[in-house]
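Biologist: I would like a close look at a single part of this protein, with its surroundings. Please take one helix and work outward from there.

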Amino acid sequence: MKKNIAIIIAVCTVIIFVAIVVVVLSISGANDLPEATLNNSFTVSESKLQETPIVTEEDTSQIKQEPTPTIQVSTPDIEDTQPFIFDENNPDYREAMRQWVMLIGNLARSYDEDFLLIPQNSAELFTLNGSASGQIHKDFLDAIDGIGVEGISYGNNKYNKPRKENSKTDLVNLLDVGVKNGIVTLAVDYCSGESNISDVMQLNEQHGFKTFIAEDMELTLIPEDRVNPNNDSVISLDDAKNWLYLLNPERYSSKKSFVKAISETNYDVIVIDAFFDTDEMFTEEDVAELKAKADGGTRIVIAYMSIGEAEDYRYYWIDEFYDNPPEWMLTENSEWEGNYPVEYWQPEWQEIIATGEDSYLKRLLSAGFDGVYLDIVDGYETFEDMR
């Protein structure tokens, strides 16, 4: 009997021991399961409702942050674009000029996408037939940001001389076409006297043109009084209330004194030659200084560049041009000494100005100018008159 009891006790002890082992192993196995498996086993209904997990601000501190990859941006070479090819058998001098201007814009913006393009005296290129009622040339208007215009009211060919009324009306109507298409008009009138200046101000305010009253035809003077003073910073042509056209620095003894004189003004936009003299160009540091108004605001600095005439005082001129000019260069302009009309559609000329390794345009871009003010855009008239 005692022997049977002992056997029963032993068997029970084994059973109890096995049960304990099973329980221990079960708990241990559950702890080894992934956390997500445990959560899912108890919150299946919630997981179906919450397909996207919510991460709290506290949780984000625990997430390993991967470094943002560095994107390498290379500056395009502005000489990559091919120049416009002129059709000698079917010459369209106006379209050739439009294409030339647009090429310059494309080249410049491959380097600086915000670079401003402002052709001077070129309103007739806004439309296909040169009149305000004509079909607009959309590509040309899309390519440019503004237009410079001389003598809308006074001084288109002589200081203080009024423009003929019919010519004035036609020009203003064309400029209005530009304004309607987002083109900012920088108007310079060469005049003096309270009555004349009042005429200019009234017309320009009526049509939304930006006013500059030049005190001399040579553009050597900074007027003491600004038109439409503005103490705010200017980051676009639309923001501008006034502008300064100071093309000739002959009154200044040095580049430093010239830069200082402009820096002491609060003009919103300034247009200057990129060179103080034949060999001395304004540097990136000079241009940066010019971009600061005297009152601490910022402004736009634009460089002048002639694209329809070669000038014998530029760095690209060689003495050989006097006696043995290239085929694309015409005889000297009788009204402007040292200026030579060019066949602006020719690749050789375009290489000098925009497409070449040492082009004029590339120098402007390197100096940090905000844009370019293109002169002799009306050079197509020279060739139209020759036909």
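Modeller: What follows takes helix 13 as the part in question, then the residues before and after it, and then some other places in the chain.

The model is predicted, and the confidence should come before the detail. The protein chain has an average pLDDT of 84, with 78% of the residues at 70 or above. Residues 1-9 have a pLDDT below 50, and in the model this stretch makes zero contacts beyond near neighbours in sequence. Residues 20-79 are also below 50, though that stretch has 22 contacts beyond near neighbours in sequence. Where pLDDT is low, predicted coordinates should not be read in detail.

As for the whole, the protein chain has 387 residues, and 43% of them are buried. It contains 14 helices and ten strands. Of the contacts between residues at least 6 apart in sequence, 73% join residues at least 24 apart.

Helix 13 runs over residues 360-367, and its buried residues are Tyr 360, Leu 361, Leu 364, Leu 365 and Ala 367. These residues lie on the same side of helix 13, because the arc they cover around the axis is only 165°. The elements they pack against come from several parts of the chain: helix 5 (93-109), strand 6 (269-273), helix 10 (284-290), strand 7 (300-306), helix 12 (347-355) and strand 10 (371-375).

Helix 12 can be read in the other direction as well. Its buried residues are Trp 349, Gln 350, Ile 352, Ile 353, Ala 354 and Thr 355. Helix 13 is among the elements that cover them, and so are helix 5, strand 7 and strand 8 (309-311). Helix 5 and strand 7 therefore appear in both lists: they pack against the buried residues of helix 13, and they help to cover those of helix 12.

Between the two helices is a loop, and Ser 359 lies in it. Ser 359 has a relative accessible area of 0%, so it counts as buried. A polar atom of the Ser 359 side chain lies 3.1 Å from the backbone nitrogen of Lys 362.

At the other end, Gly 368 follows helix 13, and its phi is positive, near 90°. Further along, Ile 376 also has a positive phi, about 60°, although Ile 376 is not a glycine. Ile 376 sits in the loop between strand 10 and helix 14 (380-386). Its relative accessible area is 17%, and the limit for buried is under 20%, so Ile 376 counts as buried.

Elsewhere in the chain, Asn 121 is another residue other than glycine with a positive phi, here near 50°. Asn 121 is found in the loop between strand 1 (116-119) and helix 6 (138-143). With a relative accessibility of 23%, Asn 121 counts as partly exposed.

One pocket can be added to the picture. The second largest pocket holds about 190 Å³ of space. It has 17 lining residues, and those nearest its centre are Ile 197, Ile 213, Glu 215, Pro 223 and Asp 225. Strand 4 (residues 210-214) gives the largest share of the lining, three residues.

To return to the part you asked about: helix 13 has its buried residues on the same side, with the buried Ser 359 in the loop before it and Gly 368 after it.

Notes: Residues numbered from 1 in each chain as written. Predicted model: local features only at pLDDT ≥ 70, side-chain atom pairs only at ≥ 80, totals over all residues. Heavy atoms only, no water. Buried < 20%, exposed > 50% of the residue type's maximum accessible area, 1.4 Å probe, protein only. Helix = DSSP H or I, 4+ residues; strand = E, 2+ residues; numbered from the N terminus. Arc of directions from axis to C-beta. Contact = heavy atoms within 4.5 Å. pLDDT = per-residue confidence, 0-100. Polar contact = N/O pair within 3.5 Å; in protein donor to acceptor, adjacent residues only side chain to side chain. 1 Å grid on protein atoms, 1.4 Å probe; cavity = no way out; pocket = protein on both sides within 12 Å on 5 of 7 lines; lining within 4 Å. Points joined across faces, edges and corners; volume = space filled by probe spheres on them.
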